[in-house]
Amino acid sequence: MTSATRQPETPAPTVPPRLIATDLDGTLLRDDKSVSERTVAALAAAEDAGIEVFFVTGRPARWMDIVSDHVHGHGLAICGNGAAVVDLHGGPGTHRFVKVRELARENALDAVRLLRDAAPGTVYAVEQTYGFHQEPAYPKLHMEIPDLLAPAEELLAPDGPGAHEPVLKILAYHPELDPDAFLTLARLAVGDRATITRSSPSALLEISGPGVSKASTLALCCAERGISHEEVVAFGDMPNDVEMLTWAGQSYAMGNAHPDVVAAASGRTVANNEDGVAVVIERILAERM
């Protein structure tokens, strides 16, 4: 890990940014899940200066209330590691899905089977647009009660529960494996049937459709706005941010970031608890002045 007291390192000068893309947990949010007053002010100042701000997170839409008061202008967020673009303007409980990039049930079942064989003891949960289901042995890792308990094969069956709803991702947990080792093993086992990443400190993997990532969905949103990757500044701290940080013209690993994130980013800032995102935004705006 990098030092939380490390001073920011700035990427080489590039074109003026038009969009800021930031992860939430471990990045924009402090460890107590709060958004500091300094960060709120920096986000608002960026929007006032004509720079769009996109929250790009692994969280599902129903966990976005924590930042829904801080969206400006477009009001959109990328959720589920790129599986959905959500309009947060409606407020809690009324989020509207603008774009969904689902995980086909056939691919999900293949991933479950292959990973069970490669890592016995793996247990699963299924994240849909509005529902959350899990296997009975899946631990209580999330801030909610599942809608249904059943084996993953039943949850993902074509005629299974919630068959009318898209599957955004499946979650795979192993009680014993090292998190990074589990990620490597899963990617080798599943191959191109799905995209696999992680954002938790535990051995919890997030499995999305082929080609679905924070980076690919952000690229789609930017293309719709005529924004190039050189005009994007991105922030992150965990492996699910790596593709986005590599894609963006400027990117910053947080002071608390995973080593893979430090290697992928073009710059570094201080830790999330020290408002590392706000530090960089303030500098960008000062340079524009």
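Visitor: Which residues touch the most other members of the largest nonpolar core?

Guide: In this predicted model, I20, F55, M64 and I281 do, out of the 33 residues in that core. Several elements chip in with at least two residues each, among them α1 (24–28), α2 (37–48), β2 (52–56) and β12 (232–236). The largest share, six residues, is from α10, which spans 276–288.

Visitor: What makes V112, A186, I196 and L205 part of a second core?

Guide: They belong to a set of 24 residues that is separate from the largest core. A core here is made of buried nonpolar residues joined through side-chain atoms within 4.5 Å.

Visitor: Let's look at the helices. How do you know that α2 and α10 are in contact?

Guide: Contact takes heavy atoms within 4.5 Å. On the α2 side, R38, T39, A42, L43, A45 and A46 make the contact, and on the α10 side A278, V279, I281, E282 and L285 do. The two axes are 9 Å apart, at an angle of about 35°, and the crossing is left-handed. I281 turns up again here, having been one of the residues touching the most other members of the largest core.

Visitor: On to the cysteines. Why is C221 in no disulfide?

Guide: A disulfide needs two cysteine sulfur atoms within 2.5 Å. For C221 the nearest cysteine sulfur belongs to C222 and is 7.0 Å away. Looking from the other side, the sulfur of C222 has its closest cysteine sulfur in C221, at 7.0 Å, so that is too far for a bond. By this rule the count comes to zero disulfides.

Visitor: Why are C221 and C222 called buried?

Guide: Buried means under 20% relative accessible area. C221 has 2%, so it counts as buried. C222 has 1%, so it counts as buried as well.

Visitor: Now the charges. What makes R18 and E231 a salt bridge?

Guide: The rule asks for a Lys or Arg side-chain nitrogen within 4 Å of an Asp or Glu carboxyl oxygen. The closest N and O atoms of R18 and E231 are 3.5 Å apart, and the pair forms a salt bridge. The structure holds 18 salt bridges.

Visitor: How do you know that this pair links distant parts of the chain?

Guide: R18 sits in the segment before β1 (19–22), while E231 is in the loop between α7 (214–224) and β12, and the two are 213 residues apart.

Visitor: R18 and E231: buried or partly exposed?

Guide: One of each. R18 has 34% relative accessibility, so it counts as partly exposed. E231 has 17%, so it counts as buried, the cut-off being 20%.

Visitor: What separates D110 and R113 in helix α4?

Guide: They are three residues apart in α4 (residues 105–118), which means about one helical turn. Their closest N and O atoms are 3.5 Å apart, and they form a salt bridge. R113 is partly exposed at 42%.

Visitor: How far apart are the closest N and O atoms of K169 and E206?

Guide: They are 2.9 Å apart, and this pair forms a salt bridge, given the limit of 4 Å. K169 is in strand β9 (residues 167–173) and E206 in strand β11 (residues 204–208), 37 residues along the chain from each other. Both K169 and E206 are buried.

Visitor: What makes E52, K99, E224 and R225 one network?

Guide: They are joined by salt bridges that share partners.

Methods. Residues numbered from 1 in each chain as written. Predicted model: local features only at pLDDT ≥ 70, side-chain atom pairs only at ≥ 80, totals over all residues. Heavy atoms only, no water. Buried < 20%, exposed > 50% of the residue type's maximum accessible area, 1.4 Å probe, protein only. Helix = DSSP H or I, 4+ residues; strand = E, 2+ residues; numbered from the N terminus. Axes fitted to C-alpha atoms, helices over the stretch in contact; angles between N-to-C directions. Left-handed = near helix turned anticlockwise from the far one by under 90°.
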